[in-house]
Amino acid sequence: MSTFPISIPRPVHPTGIWNWITTIDHKRIGILYGVTAFIMFLSGGIEATLMRLQLAGPELDIVSAAVYNQLFTMHGTTMIFLAVMPLSAAFFNFVIPLQIGARDVAFPRLNAFSYWTFLGGALMLKLSWIGGATDAGWFGYAPLTSVAQNPGTGIDFWIISLQVLGIASLAASFNFIVTIINMRAPGMTMMRLPLFTWMSFLTAILLVLAFPVITVALIELTFDRYFMFNFFNVANGGSVVLWQHLFWVFGHPEVYILILPAMGIVSEVLPVFSKKPLFGYKTVVLAGAIIAFMGWMVWSHHMFTVGLGAVANAVFTVTTMLIAVPTGIKVFNWIGTIWGGSIRFNTPMLFSLGFIAMFLLGGISGVMHAVSAHDAQQQDTYFVPAHIHYVLFGGAIMAILSGIFYWFPKYSGKMYSERQGKISFWLIMLGQNVTFFPMHFVGLDGMPRRIYTYVEGMGWEFWNGVSTGGVFILIIGFLLVVVNIGRHWKNGEPAPADPWDARTLEWSIPSPPPEYNFEKIPIVRSLDDWWETKQGLDYKEVPASGGSGNEGHEIHLPQPSYWPIVAAFGLFIAAYGVVFNDLLIPWALAAVGLTIGFIGVYSWSLEPVNDPEEDSTN
Amino acid sequence: MSQELSAKEHTGHPTAGQYFRIAVILCAITAVEVGIFYLEFLGHWMIPILFTLSAFKFALVAMYYMHLKFDHKLFTYMFVAGFILAACVISFLLLLFGVYS
Amino acid sequence: MAQEHAAPIHGEDEGTTTGLNHRKMLMWAFLGSDCMFFGSLIATYLVYQGKSLEGPLPIDVFDIPVTSISTFVLLMSSMSMVLAYSALTKNNMKGFRIWMVSTAIMGATFIGFQVYEFSSFANHHVEVDCVNPGELTKYEQHIFDEGCASGEAHAESHEGLKPQTNLFGTTFYTLTGFHGAHVTLGIVWLLSLLLLSFKKGVITPEKNLDVDLAALYWHFVDVVWIVIFTVVYLFGVFPGF
């Protein structure tokens, strides 16, 4: 197939590394997302460990104040944009098409593009440690990010890599919105969608509506920094509060972008290991939708101490407290699901139960912040990191770990060690409480966050020491997770198709699923259709492996392509070109990158999804 | 969003003549807008009047040129969701910055 | 269906859950998302309206008749776009190409107006008669106060309106600049489709989705301009705002 402007033979059956580079299989992209994001999670963990070491005692000198500022900024940005979001994206990729009975996502090449763009943005952000990373906090409040305050390239790397990550997330979210609406198997109505898919759908909607706001805020900041515009320039009448508003208009929906997929995972795991359907399926879906909707009406609770006035503070106090209602509904539904079930305490179940407990604690301190008068006391103290870690570590990460173990047999085709899994759960459960619970105490004792050290005699030494000690328990716990996953992925026992006696469609196919997922597209008759099928008469045992290897011969799958990675690479070069815009010829590097990107996009859009000429070789 | 939504609701598309008539209306409204704009006695009434007129233009283009009127309702929901949310965010920000007071 | 079987109804696709085409759905989701993009830019513009500390303000630089003409051109380009699509579905390839070219030309004309506008704003030049100043805007008053103190006949300023000048310049150029960038991208898209239409079998009355999607984008850019014209230009010059 000759394509304008460049003609390269299409990778039809690539092998080895090329197989991964040109892949557009949602399962492989999911694994790529998962592995990359887990590495990023560990790097964010190292940053956190360094901070905790520095704070272990008063007036320590392990890192300098400047490095400490970079550490907390990079830790926050990494954990949110490079760890939790892409770990969720890994599950979206792997699980959603399987749960809705599809052979792939709606736009397989766009999906590959999302991953490679994410990788580019992630590398760019992490590599900014060379030469000084951003140090203005993950929220990048103006005027800390102005050229006058912060002349180095750290902020530039932060801005531009966030834009690149934004493109990746937007592309992925458009893809999943269309996939979930339009790729469902026959009979899979919206009210038969598995909960994880539902929550992912809401997340994707939130994301496509919230990310443009941060895109605009970052563009404004870029123009301020590069061309001396006045957006956040107080000397010319600009308002630094506008940055805060734009940031949190994005930032609060972002919180739900992080937690809704986690809630979805838990809503999958609890019914399976309780052998009961989810209690109040419709209510849980509706509560999720209400959370997604109300997530837009609470952003100024991050700004209670800015001085927005009594009316604004009162309004946002009320809306913030209201959003606790649908969240509470979910918690009650989860408890109702377990109630009276025949519970199996496998590792995924343990992590999900841990999620409920920890997320509840985080929710309680969240309601405390919601009272604006109370929040004035807590603002910028360690009480806030305590809250955020209970909801994002105790919440999101626990649920993600639950998902990692729950779907492990499916994506790896092997079984993990249940014993190691359980030990790692107890270590992580203990570790996080030892690490994060004392932050409540020092916070209420007035210890500010984002300080690199403190003097003796403030009464903060003991609990800070305890906190740092907890980190080591966490490290052991996560090392055990890595060992468990890594070793058993390679040489664990082969997994059956449905090891958990589960309820959703992904368990009705072999582990790992064949490239085409479903030999026959399933017909869905009810909620938890796979469970119902197993109770019926026409149920047949699923073959453990892909069968004789001859199945799926006539199934036409979208073919691999070079162009997504080319387009993403162009974007990556262009992003560097924007940061180093005065290298040799001004803006030349950015222009080169954009040209590569355009060639990639053009060739991609002219390349048919399936090459008719080369299809015959299949 | 389930099967029943796939029911086809197409009533055919406007003809070239209809497209042209819509263009005439759009231009007429724009002319009226510019005209109204010079009527200083309207005072603050000008804002709601101009808003209504441009909303009408917006709706005409979206419904006929972007054929939302003839397409699946889902497309309308997708677009209108973004539009309403954007309008709300703008209004709330203006409220918080005290622009109305 | 009232229509003959001239063309399949766009956006329909067998084999999807809703019967709707994937790409068309993606396009609408993107347009919804882009509403938030322009919404944030417009919010910034409005929040900063009247907050500029110095320099030319909308009332000093805007020329409503000129912008009305460019608005007219963009509205007409939308009509031209629907006629191109309509011609394509009726298998009138010649008509399709003529209307595509005319759409692109009108888009380019709009961009030309914008370039003219930007450069005339940037080089805005004010002259105030010190003896008989008449009714002055705030900015002219400022120049009057600065330049007429020592008995000259005229006071003038060549400062112009640049993005760096004041908040109005910053927000105005960013908002309209991004709209202009959208139009430019649209022109590239339309011209690419025009070129492709000469390749056999790529764009046909049946395979009209590519044109349909480009048209949606083009009309979206048009409706954004409808909002900008009212909110930025008309309200901008309105004295009570």
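Here is a friendly exchange about a predicted model, taking in confidence, a chain contact, two domains and one helix.

Biologist: Which element of chain A has the highest mean pLDDT?

Modeller: Chain A averages a pLDDT of 91, and 94% of the residues score at least 70. Among its elements, helix α19 (residues 612–615) of chain A has the lowest mean, 46. The highest mean, 97, belongs to helix α14 (residues 418–444) of chain A.

Biologist: How many contacts beyond four places in sequence does the model have for residues 613–618 of chain A?

Modeller: Let's take the other stretch beforehand: over residues 1–5 of chain A the pLDDT is below 50, with eleven contacts beyond near neighbours in sequence. Where pLDDT is low, the predicted coordinates should not be read in detail. Residues 613–618 of chain A also stay under 50. For residues 613–618 of chain A, the number of contacts beyond four places in sequence is six.

Biologist: Good to know! Now to the chain contact: which element gives the most to the side of chain A that touches chain C?

Modeller: The contact joins 28 residues of chain A to 26 residues of chain C. Elements giving two or more residues to the chain A side are α5 (154–182), α6 (195–227) and α7 (240–274) of chain A. With nine residues, the element that gives the most is α6(A).

Biologist: And how many residues of that side of chain A are nonpolar?

Modeller: The side of chain A that touches chain C includes six polar residues and two charged ones. The nonpolar residues there number 20.

Biologist: Turning to chain C, how many residues does domain 2 give to the contact with domain 1?

Modeller: Chain C is divided into domain 1 (24–124 + 160–237) and domain 2 (125–158). Their centres, taken over C-alpha atoms, are separated by 37 Å. Domain 1 of chain C gives eight residues to the contact, and these divide into three nonpolar, four polar and one charged. From domain 2 of chain C, the number of residues is six.

Biologist: Lovely. Why do the buried residues of α5(C) line one face of the helix, and what is the arc?

Modeller: Helix α5 (residues 138–147) of chain C has Y139(C), E140(C) and I143(C) as its buried residues. Seen down the axis of α5(C), these fall within a limited arc, so they line one face; that arc is 100°.

Biologist: Which residues are exposed on the other side of α5(C), then?

Modeller: Let's start with the buried residues of α5(C), whose cover includes α2 (58–61), β1 (126–129) and β2 (154–157) of chain C. On the other side of α5(C), the exposed residues are K138(C) and D145(C).

Definitions and conventions: Residues are numbered from 1 along each chain as its sequence is written. Chains are lettered from A and ligands numbered from 1 in the order in which they are written. This is a predicted model: local features need pLDDT of at least 70, side-chain atom pairs count only at pLDDT 80 or more; totals for chains, interfaces and linings use all residues. A residue is buried if 20 or more other C-beta atoms lie within 10 Å of its own, exposed if 12 or fewer, and partly exposed in between; C-beta atoms are placed from the backbone. Helices (H or I, at least four residues) and strands (E, at least two) are DSSP runs, numbered from the N terminus. The arc is that of the directions from the helix axis to the C-beta atoms. Two residues are in contact if their C-beta atoms, placed from the backbone, lie within 7 Å. Domain bounds come from an automatic or database domain assignment. Ala, Val, Leu, Ile, Met, Phe, Trp, Tyr, Cys and Pro count as nonpolar, Asp, Glu, Lys and Arg as charged, and the others, Gly among them, as polar. pLDDT is the predictor's confidence in each residue, from 0 to 100.
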